[in-house]
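Colleague: I've got the file open. Can you walk me through what's inside?

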Amino acid sequence: MARVLKAAAAAAVAAWSGGGEYPALSGLRVGRAHGTGGPGLEEAARGWPEHLGLQRSALWHVPQPLRQNVSSRNASDFQPVPTVRACSTSQPSQQAAGPVWSLGRLNHVAIAVPDLAKAQAFYRNVLGAQVSEAEPFPEHGVSVVFVNLGNTKIELLHPLGSDSPIAGFLQKNKAGGMHHVCIEVDNINAAVMDLKEKKIRSLSDEVRTGAHGKPVIFLHPKDCGGVLVELEQA
């Protein structure tokens, strides 16, 4: 610490004197503190404002040869010594993460059709797509034709039974149209929990088994930009 104070005091004296290696200090007087009778460092130090950043005691760590050659100067002649502030290294606290899940690929786009055989022929004979035969899913109230597009599928839906949800859709849309989109997720249970916390409604309270034999859940279209969204376990 003594060496630091000496170096700081020497630097301050050098700045005050305006010279290189203290050329302006030769021939100057020390002052009453050292018995010479004239004003000196002690008087100058008393006038220093605290913002100069050096304690008065630091002056007395100036080497003896320099102290013997220093005379008084006005406190206003001294330049402030810059203060070095330590940088904070504290890291912001991280919030606890919620359920971890993520979206996967688009599994299929479902289209409700009033005439399943006609729609099947269009995709097979006109567009040349790979089209399956119609498959009944009475537990879901639909008959489905799968159209394979390579990177995803189209599902053609037609009502099966009197309580089919597709029947109600076709009553409002006589020519048919897009019914829903299905997107895969890597963790459907975590997705359901997270979406409930975000106030996204679903059409059922629990996950159910879908047409592909995998767990699915449908999200309310009013919370999804007007689109019925099906999430399916990948």
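**Overview, core and empty space**

Modeller: Among contacts (heavy atoms within 4.5 Å) in the protein between residues at least 6 apart in sequence, 57% join residues at least 24 apart. Bear in mind that this is a predicted model, where local features need pLDDT of at least 70, side-chain atom pairs count only at pLDDT 80 or more, and totals for chains, interfaces and linings use all residues. Residues are numbered from 1 along each chain as its sequence is written, and side-chain values use heavy atoms, with hydrogens and water left out.

Colleague: How many helices and strands are there in the protein?

Modeller: Helices (H or I, at least four residues) and strands (E, at least two) are DSSP runs, numbered from the N terminus. On that basis the protein has 6 helices and 9 strands.

Colleague: And what percentage of the 234 residues is buried?

Modeller: Buried means under 20% relative accessible area, exposed over 50%, and partly exposed in between, with a 1.4 Å probe and protein chains only. With that cut-off, the buried part of the 234 residues is 33%.

Colleague: Which element gives the largest share of the largest nonpolar core?

Modeller: A nonpolar core here is a set of buried Ala, Val, Leu, Ile, Met, Phe, Trp, Tyr and Cys residues joined through side-chain atoms within 4.5 Å. The largest one has 11 residues: Ile111, Val113, Leu116, Ala119, Tyr123, Ala129, Val131, Val145, Val147, Ile154 and Leu156. At least two residues each come from helix H4 (116–126), strand E4 (142–148) and strand E5 (153–159). The largest share, 3 residues, is from H4.

Colleague: Take Val147 in that core. Is Val147 buried or exposed?

Modeller: Val147 sits in strand E4. Leaving aside neighbours within four places in sequence, its contacts are Tyr123, Ala129, Gln130, Val131, Thr152, Lys153, Ile154 and Leu156. Tyr123 is 24 residues away along the chain, yet the two C-alpha atoms are separated by 7.4 Å. Because its relative accessible area is 0%, Val147 counts as buried.

Colleague: What about Leu149: what is its relative accessible area?

Modeller: Leu149 is in the loop between E4 and E5. Its C-alpha atom and that of Val131, 18 residues apart along the chain, are separated by 9.3 Å. Leu149 is partly exposed, because its relative accessible area is 43%.

Colleague: Now the empty space. What is the volume of the largest cavity?

Modeller: On a 1 Å grid over the protein atoms alone, a cavity is a set of points where a 1.4 Å probe fits but cannot get out, and a pocket is an open set with protein on both sides within 12 Å along at least five of seven lines; lining residues have an atom within 4 Å of a point. Grid points are joined across faces, edges and corners, and a volume is the space filled by probe spheres set on the points. The structure holds 1 cavity of 30 Å³ or more. The largest cavity has a volume of about 40 Å³.

Colleague: Which element gives the most to the lining of the largest cavity?

Modeller: The lining is made of Val192, Leu195, Lys196, Ile200, Ser202, Ile217 and Leu219. Helix H6 (188–197) and strand E8 (215–219) each supply at least two of these. The top contributor, with 3 residues, is H6.

Colleague: Which strands are included in what covers the buried residues of H6?

Modeller: The buried residues in H6 are Ile188, Ala190, Ala191, Val192, Asp194 and Leu195. Their cover includes strand E6 (177–185), E8 and strand E9 (229–233).

Colleague: H6 is followed by Lys199. What is the phi of Lys199?

Modeller: Lys199 is in the loop between H6 and E7. Lys199 counts as exposed because its relative accessibility is 68%. Its phi is positive, in a residue other than glycine, and near 65°.

Colleague: Last one: which element gives the most to the lining of the largest pocket?

Modeller: The largest pocket has a volume of about 560 Å³. Of the 25 residues lining this pocket, the closest to its centre are His140, Pro165, His179, Arg208 and Phe218. Elements giving two or more residues to this lining are E4, E5, helix H5 (165–172), E6, strand E7 (208–209), E8 and E9. The most, 3 residues, comes from E8.
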